Amino acid sequence: MVWHMDLARGVRRLAPAGIAFILAVILFAPATLGGKVLSASDIPLFSSPYPPQPPGAQPQNPLQFDAANVFEPDGLVVRDALRGFRLPVWTSQQSAGQPLLAAQQSAPLFPLTWLGVVFPYWHSLAWIAVLKLVLAFTGTFLLARALRLGVAAGLIAGLAFGFGSYLVDWLSHPHANAYVLLPWLFLAAERLVERRRVRDAGLLALAFGLAFLGGQPESSMLVTLAVAGWVVYRLLAGSSGSGRGSVVALAVCALVLGVGLAAVMLIPFGEALRQSYDTSRAEPALPLRSLLSVVFPEFWGRPDRAGLSVGPANFTERTLYVGALPLLLAVAGLCSRRPRGPQLFFAGLTLVALLVALDTGPITKAVRHIPLLDVANMNRALVLASFALAMLAGYGCERLLKASAAERRKLLIVAAVVAGVPVLITILAHPSWLGDLPDAVRRLFGGAANANRGAVGLAAVIRWLLFALVAILLVARPALWRRRGPVLAVAAIGLVALDLLAMGWGYNPAIPKSQADPARPQAIAAAQFVAGGTGGRVTGIGALEPNTASRWGLRDARGHEDPVVERSQKLWLDLSGGITTALFGGTPSAATTARPLDVFGVSAVVLGPPGSDLERRLAPALPGTRVAYSGPGAVVL
């Protein structure tokens with residue numbers, strides 16, 4: 001009997017992870033169930049040295065170029081090294097030799113990376129993405145439960161963060177490795193504050209270590225700062241000051257141990273930073289109008305769907321969408337009654353994250369001048385806002401279920417205002433868009449491929465309005481949540497899941513494996529013949545994106561890794577008279593000479609298609625070269 005009870009408890013605890021797994025499999029169904037692979041490697045097919053593609057064809061998501069040109073080629077290099085039981089400390093195939101472990105982005109020691117080592121690489125990418133979403137969802141759910149929120153509240157919070165646009169859109173980047181651990185870090189910190197045990201400090205240290213092994217120190221720093229803020233808040237909010245010192249000591253030890261766990265990657269990274277003169281990743285703050293993506297995520301279009309893709313920054317950087325119902329619950333829950341406890345903390349975290357990421361004037365500028373933060377891309381603080389809004393949605397759901405009649409009316413009024421005011425302001429600001437209503441409706445259901453700016457924006461407004469209206473109907477009937485609790489709770493959770501799955505669908509491309517791992521182009525065969533015969537390197541000028549040559553076993557004189565090693569870049573610049581073309585992919589000029597190519601051991605240069613202006617201008621600048629190949633897709637000198 002005891003065994004059966006333990007089994008039942010175990011099943012209940014695993015149920016949220018099972019829900020997340022099923023939803024993630026559905027989100028990536030073309031790859032998880034349909035035989036395709038989750039990859040952006042169709043992007044290189046549309047440039048030299050590949051033959052021209054059919055007219056009108058285009059990559060599924062051109063914005064995922066980092067995955068196609070950096071993360072996936074690096075992942076294959078890491079796979080080969082780990083399969084040979086070698087730590088990928090160095091690669092000779094990129095940047096005339098590159099400290100790959102210092103570059104971090106391949107995350108070779110992050111556990112989910114090993115799926116691509118053990119299993120077929122291209123098919124593993126979809127399951128790595130699935131497990132990332134499961135981790136984010138489950139961690140958020142367990143944190144909500146640890147903070148004494150109900151099951152329905154925990155599920156809505158888990159959906160809002162785990163399947164929210166900010167996390168889903170960054171999945172192919174190493175940033176996501178740190179992001180998915182954010183709720184687990186909060187959970188471990190909460191356990192440490194509550195129980196004050198060395199064991200809990202060990203769990204926190206493990207979570208810190210995994211975050212720093214994730215391949216993006218900048219994102220690891222962001223989540224660490226958020227967790228530090230949580231620990232400080234929980235200690236200050238405690239009724240007694242006894243034991244605070246021990247908690248602080250254990251938390252600091254956990255951080256030190258976590259950094260120690262990741263030292264095998266952080267020490268080479270620190271060494272590379274000392275050898276680089278371009279260590280800042282600071283970017284201008286996002287325009288304040290980016291906040292519109294909280295309600296209208298596709299207001300300026302999106303790169304993976306027909307139509308425009310304009311607006312501030314780019315879709316991945318600016319889009320912060322956690323779902324219509326979670327947003328309404330988050331804001332209404334704050335306004336129905338004065339927020340207290342953790343709800344107040346998450347409200348503050350949302351505000352701080354938005355002030356840091358968006359251009360709000362003096363506050364944003366002041367934060368971005370703080371040492372260490374001044375060299376980081378603080379726009380990525382939006383992930384903290386995404387997480388905090390998800391937790392606020394959980395608190396709003398809990399408030400709704402326990403609200404008095406007066407509080408319920410206030411919740412409904414606030415939800416209606418949040419849902420309707422952005423729609424009203426947008427329509428009043430663009431009254432001419434109403435004439436685009438037919439195209440907007442068609443775009444909403446996958447049509448109107450050539451929709452104009454008005455139809456794209458109006459379609460986003462209509463989408464929000466539809467989901468928000470259904471959400472308000474659910475908020476208006478909380479009594480049914482108690483009498484028919486399972487039915488209404490499932491309806492609410494289903495609405496959030498539908499909303500977010502529809503938003504995330506297709507952003508991470510699913511393509512045939514033949515496109516991700518295509519046959520070798522003839523130009524590459526020629527470059528292999530030339531470089532193989534001389535033992536030299538290759539480079540591309542207007543062709544063969546940096547890092548991608550490693551897919552063919554070629555050693556590229558160029559690279560696309562951070563941090564940039566100063567000695568190799570400055571040597572090239574000095575030898576070429578300031579021309580960066582062959583090493584860093586700029587536009588060549590007649591001033592380019594063969595000298596830097598000789599010094600860097602380049603024996604094959606891949607250019608654009610035959611007859612291009614690039615070929616005509618470069619030939620006189622490279623005396624003594626001969627044409628090794630001239631055909632579909634490229635010229636090889």
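**Exercise 1. Helix H12 and the loop before it**

Task: Establish how far helix H12 is covered, and describe the setting of glycine 215 in this predicted model.

Solution.
Step 1. Of the 21 residues of H12, 15 are buried, and the helix is therefore mostly covered; buried here means under 20% relative accessible area.
Step 2. H12 spans residues 217-237, and the distance from its first C-alpha to its last is 30 Å. That is close to the 30 Å expected at 1.5 Å a residue.
Step 3. The loop between helix H11 (198-212) and H12 holds glycine 215. The relative accessibility of glycine 215 is 2%, so the residue counts as buried.
Step 4. Leaving out residues up to four places away in sequence, glycine 215 touches Gln104, Gln105, Ala107 and Pro174. With glutamine 105 the C-alpha separation is 4.6 Å, although the two residues are 110 residues apart along the chain.

**Exercise 2. Helix H7**

Task: Compare the span of H7 with the expected value, and decide whether the helix is enclosed or not enclosed by the rest of the structure.

Solution.
Step 1. H7 has twelve residues and occupies positions 151-162.
Step 2. From first to last C-alpha, H7 reaches 16 Å, close to the 16 Å expected at 1.5 Å a residue.
Step 3. The buried residues of H7 include Leu155, Ile156, Leu159 and Phe161. Among the others listed as buried are Gly154, Gly158 and Gly162, together with Ala152, Ala153, Ala157 and Ala160.
Step 4. Because eleven of the twelve residues of H7 are buried, the helix is largely enclosed by the rest of the structure.

**Exercise 3. Backbone geometry in three loops**

Task: Locate arginine 148, asparagine 547 and proline 49, and state what the backbone does at each.

Solution.
Step 1. Arginine 148 sits in the loop between helix H6 (121-146) and helix H7 (151-162). Its phi is positive, about 70 degrees, although the residue is not a glycine. With 63% relative accessibility, arginine 148 counts as exposed, the cut-off being over 50%.
Step 2. Asparagine 547 belongs to the loop between strand E3 (537-540) and helix H27 (566-575). Here too the residue is not a glycine, and phi is positive at about 85 degrees. Asparagine 547 has a relative accessible area of 0% and is buried.
Step 3. Proline 49 lies in the loop between strand E1 (37-38) and helix H3 (65-83). The peptide bond joining serine 48 and proline 49 is cis, with omega about 20 degrees.

**Exercise 4. The whole chain**

Task: Judge the overall compactness of the protein, then describe its contacts, surface and charges.

Solution.
Step 1. The secondary structure consists of 30 helices and six strands. The radius of gyration is 26 Å, close to the 26 Å that the globule rule gives for 637 residues, so the protein is as compact as a globular protein of that length.
Step 2. Along the principal axes, the C-alpha atoms fill a box of roughly 85 × 65 × 55 Å.
Step 3. Buried residues make up 56% of the 637. Among contacts with a separation of 6 or more, 75% involve residues 24 or more positions apart.
Step 4. About 26300 Å² is exposed, and carbon and sulfur atoms supply 66% of that area.
Step 5. The protein carries 54 positive and 34 negative charges, and the mean positions of the two sets are 12 Å apart.

Conventions. Residues are numbered from 1 along each chain as its sequence is written. This is a predicted model: local features need pLDDT of at least 70, side-chain atom pairs count only at pLDDT 80 or more; totals for chains, interfaces and linings use all residues. Side-chain values use heavy atoms; hydrogens and water are left out. Helices (H or I, at least four residues) and strands (E, at least two) are DSSP runs, numbered from the N terminus. The radius of gyration is taken over C-alpha atoms; the globule rule is 2.2 Å times the number of residues to the power 0.38. Buried means under 20% relative accessible area, exposed over 50%, partly exposed in between (1.4 Å probe, protein chains only). Contact means heavy atoms within 4.5 Å. Accessible areas come from the Shrake-Rupley method with a 1.4 Å probe; for residues, only the protein chains shown count as cover. Lys and Arg count as positive and Asp and Glu as negative; His and the chain ends are not counted. The place of a charge is taken as NZ of Lys, CZ of Arg, CG of Asp or CD of Glu. The expected span of a helix is 1.5 Å times one less than its number of residues.
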